[in-house]
Amino acid sequence: MNHYLKIFIIIPIILLFCKISSAQNYRTIYGNVVDANTGLPLPYASVSLKNSSFSNVSNSEGEFSLSFPQVHLADTIIVSYMGYRKKFLPVSYFSSKKNLV
């Protein structure tokens, strides 16, 4: 009986350490996708981190947020919208709270 008690105590502790060690610091960027000529918002534009699975879509007012691990801080954000050329921006471009893309 004592052996089983040790197992029930040790396993949750091991799982807790696994969870803590796999946690990463994430960064969230925010912005607005707008037409460069008119300034009108571009709803449902695709916003993604190049060469990764991190992506999102802007809302009906062109606003978006994108969260990703901080190891991608030197990477590139791709913004695309049907009928427009893709725009490639460094993650560092998104240093303030809201940015126009």
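At 17% relative accessibility, His 72 counts as buried, since the cut-off for that label is under 20%. That makes His 72 a handy way into this structure, which is a predicted model. His 72 sits in the loop between strand E4 (63-69) and strand E5 (76-80). Leaving aside its neighbours within four places in sequence, His 72 is in contact with four residues, namely Leu 49, Ser 52, Phe 54 and Val 91.

Leu 49 is worth following up from there. This residue lies in strand E2 and, at 1% relative accessibility, Leu 49 also counts as buried. Once residues up to four places away in sequence are set aside, Leu 49 touches Phe 54, Leu 66, Phe 68, His 72, Asp 75, Thr 76, Ile 77 and Val 91. Phe 54 and Val 91 turn up among the contacts of His 72 and are found among those of Leu 49 too. One of the partners of Leu 49, Phe 68, is 19 residues away along the chain, and the C-alpha atoms of the two are separated by 8.2 Å.

Stepping back to the whole chain, there is 1 helix, and there are 6 strands. Reading from the N terminus, the helix comes ahead of the strands, in the run α-β-β-β-β-β-β. Of the 101 residues in the protein chain, 26% are buried. The chain exposes about 7,300 Å², and 60% of that is supplied by carbon and sulfur atoms. As for contacts with a separation of 6 or more, residues 24 or more positions apart account for 50% of them.

Now for the sheet that strand E2 belongs to. Four strands make up an open sheet in the order E3-E2-E5-E6, and the pairing is antiparallel. Strand E3 (55-57) and strand E6 (87-90) are the edge strands, each pairing on one side only. From one strand to the next, the twist averages 20°.

The pairings can be taken one at a time across the sheet. Strand E2 (residues 46-49) pairs with E3 in the antiparallel sense, over 3 bridges. On the other pairing of E2, the partner is E5, again antiparallel, this time over 4 bridges. Ser 46 shows up in both pairings: its bridge partner in E3 is Val 57, while its bridge partner in E5 is Ser 80.

Next comes the pairing of E5 and E6, which is antiparallel and runs over 4 bridges. Here Ile 77 has Leu 89 as its bridge partner in E6, and Ile 78 stands opposite Phe 88 in E6. Ile 77 is also one of the residues touched by Leu 49 of strand E2. The two strands form a hairpin with 6 residues between them, and in that hairpin Gly 83 takes a positive phi near 90°.

That leaves the aromatic rings. A pair of such rings is described by how far apart the centres are and by the angle of the planes. With centres within 6.5 Å taken as the limit, the count comes to 4 aromatic pairs. One of them joins Tyr 81 and Tyr 84, whose ring centres are 5.5 Å apart and whose planes stand at 65°, so this pair is edge-to-face. The label follows because an angle over 60 degrees counts as edge-to-face. Both tyrosines are partly exposed, Tyr 81 with a relative accessible area of 26% and Tyr 84 with one of 38%.

Tyr 93 and Phe 94 make up another aromatic pair that is edge-to-face, at 5.2 Å centre to centre and 85° between the planes. The two partners differ in how covered they are: Tyr 93 is partly exposed, with a relative accessible area of 34%, whereas Phe 94 is buried, at 2%. Ring pairs also bring in Phe 64, linking Phe 64, Tyr 93 and Phe 94 into a cluster.

Notes:
Residues numbered from 1 in each chain as written. Predicted model: local features only at pLDDT ≥ 70, side-chain atom pairs only at ≥ 80, totals over all residues. Heavy atoms only, no water. Pairing = 2+ DSSP bridges. Axes fitted to C-alpha atoms, helices over the stretch in contact; angles between N-to-C directions. Phe/Tyr/Trp six-rings, centres within 6.5 Å; stacked < 30°, edge-to-face > 60°. Buried < 20%, exposed > 50% of the residue type's maximum accessible area, 1.4 Å probe, protein only. Contact = heavy atoms within 4.5 Å. Areas by Shrake-Rupley, 256 points an atom, 1.4 Å probe, with all protein chains shown as cover.
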